[in-house]
Amino acid sequence: FEEIATPTLVDCPGTEVFLDVFKTEFAPGTARRRDFYLPTSPELHLKKALALGGERIFELRPCFRNGEITEKHRPEFWMLEWYRAFANLDDLKSDCRDLVRHVTGLNDLQFTEISIRELFSQLEIDLTPQTSADELKTWCRRLGLQADHYELWDDLFYLIFVDRIEPFLPSAQPLFVVDYPPSQAALARVNERGWADRFELYWRGYEIANAYFELNDPVEQRRRSEEDLRKRVALGRQELKLDEGFLEALESGMPPSAGIALGAERLFMAARGVKDIGDLSPYQIIRD
């Protein structure tokens, strides 16, 4: 793989609805001031590199997400992100198996796989790509979850997933969770079965990595991004603008590609049994 260095000051940190961002300002003397952001991920710039001809590229860099501090979250953290042009999610799963076994020395790890629909079926919920928000709310009530003040489909989905599924995922061995709902596609394609072509890797109670078979349709990407920005404003989050350079890169022709983001600290924590990400650094600018 070829290592890429992407910017730390960016015009758009990503359009994900539920991510809070860090904003700063460039003040060049008496010239017009300009807003910049710290990246939540190097994804958009790495994809620009794919459109310029990169085939197997990666970056290991600090990323920044505002508004949350827990045993698993810090506002500044390390992300390993890599992309394979003309590849698919099976290639990334193979990468993950090799990488995790190599860096941990645990060569006997056995990776398994389960779909989101199978996980919901364990709660006797028949989740499909066509499931409505009203159906999700009914299931939340049946499970004893307080859902009356939730209206968005994704909020209701995560209420069930985070409370009744994620804490009970098998943890002794690494697990690929595949086929996410289409509203969870973000920058991924929707496959022929109607599910987002995406997986997440879990191990020992940690979400380690998130992978997409990348969307490279500029029209559909613009539509999704603009919808995300509208949702951000409706939820009172920081208003952002599109990265037009990223959309131009898709228009110029980004090849079919698979990409993945892996939390470096989380992999270390899972491998070494560390419970609090704050224990990994002597420099705690923000404390609980």
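The following questions and answers concern helix H5, the cysteines and the salt bridges of a predicted model.

Visitor: How far apart are the end C-alpha atoms of helix H5, and what span should its residues give?

Guide: Helix H5 covers residues 153-165, which makes 13 residues. At 1.5 Å a residue the expected span is 18 Å. The model agrees with this, as the end C-alpha atoms are 17 Å apart.

Visitor: Which elements do the buried residues of H5 pack against?

Guide: The buried residues of H5 include Trp 153, Leu 156, Phe 157, Ile 160 and Phe 161. Two acidic residues, Asp 154 and Asp 155, are also among them. The packing partners of these buried residues are helix H3 (116-121), helix H4 (133-142), strand S8 (196-203) and helix H6 (218-234).

Visitor: Why is Cys 96 not in a disulfide, and how many disulfides does the whole structure have?

Guide: A disulfide requires two cysteine sulfur atoms within 2.5 Å. The closest cysteine sulfur to that of Cys 96 belongs to Cys 63 and is 17 Å away, so the pair is too far apart for a bond. Over the whole structure, the number of disulfides found is 0.

Visitor: What is the relative accessible area of Cys 140, and is Cys 140 buried or exposed?

Guide: A residue counts as buried under 20% relative accessible area. Cys 96 falls in that class, with a value of 0%. Cys 140 is buried, and its relative accessible area is 0%.

Visitor: Which residue forms a salt bridge with Arg 33?

Guide: Arg 33 is partly exposed, at 49% relative accessible area. Its partner is partly exposed as well, at 44%. The closest N and O atoms of the pair are 2.9 Å apart, and the partner is Glu 25.

Visitor: How far apart are the closest N and O atoms in the salt bridge of Asp 126 with Arg 117?

Guide: Asp 126 is partly exposed at 47% relative accessibility. Arg 117 is also partly exposed, at 37%. In the salt bridge between Asp 126 and Arg 117, the closest N and O atoms are separated by 2.7 Å.

Visitor: Is Arg 224, the salt-bridge partner of Glu 220, buried or exposed?

Guide: Glu 220 and Arg 224 are both in helix H6, 4 residues apart, or about one turn. Their side chains meet in a salt bridge at 3.0 Å, N to O. Glu 220 is partly exposed at 22%. Arg 224, at 12% relative accessibility, is buried.

Visitor: Which residues are linked in a network of salt bridges?

Guide: The whole structure contains 24 salt bridges. A network of salt bridges links Glu 43, Lys 47 and Glu 214.

Methods: Residues are numbered from 1 along each chain as its sequence is written. This is a predicted model: local features need pLDDT of at least 70, side-chain atom pairs count only at pLDDT 80 or more; totals for chains, interfaces and linings use all residues. Side-chain values use heavy atoms; hydrogens and water are left out. The expected span of a helix is 1.5 Å times one less than its number of residues. Buried means under 20% relative accessible area, exposed over 50%, partly exposed in between (1.4 Å probe, protein chains only). Contact means heavy atoms within 4.5 Å. A salt bridge is a side-chain nitrogen of Lys or Arg within 4 Å of a carboxyl oxygen of Asp or Glu.
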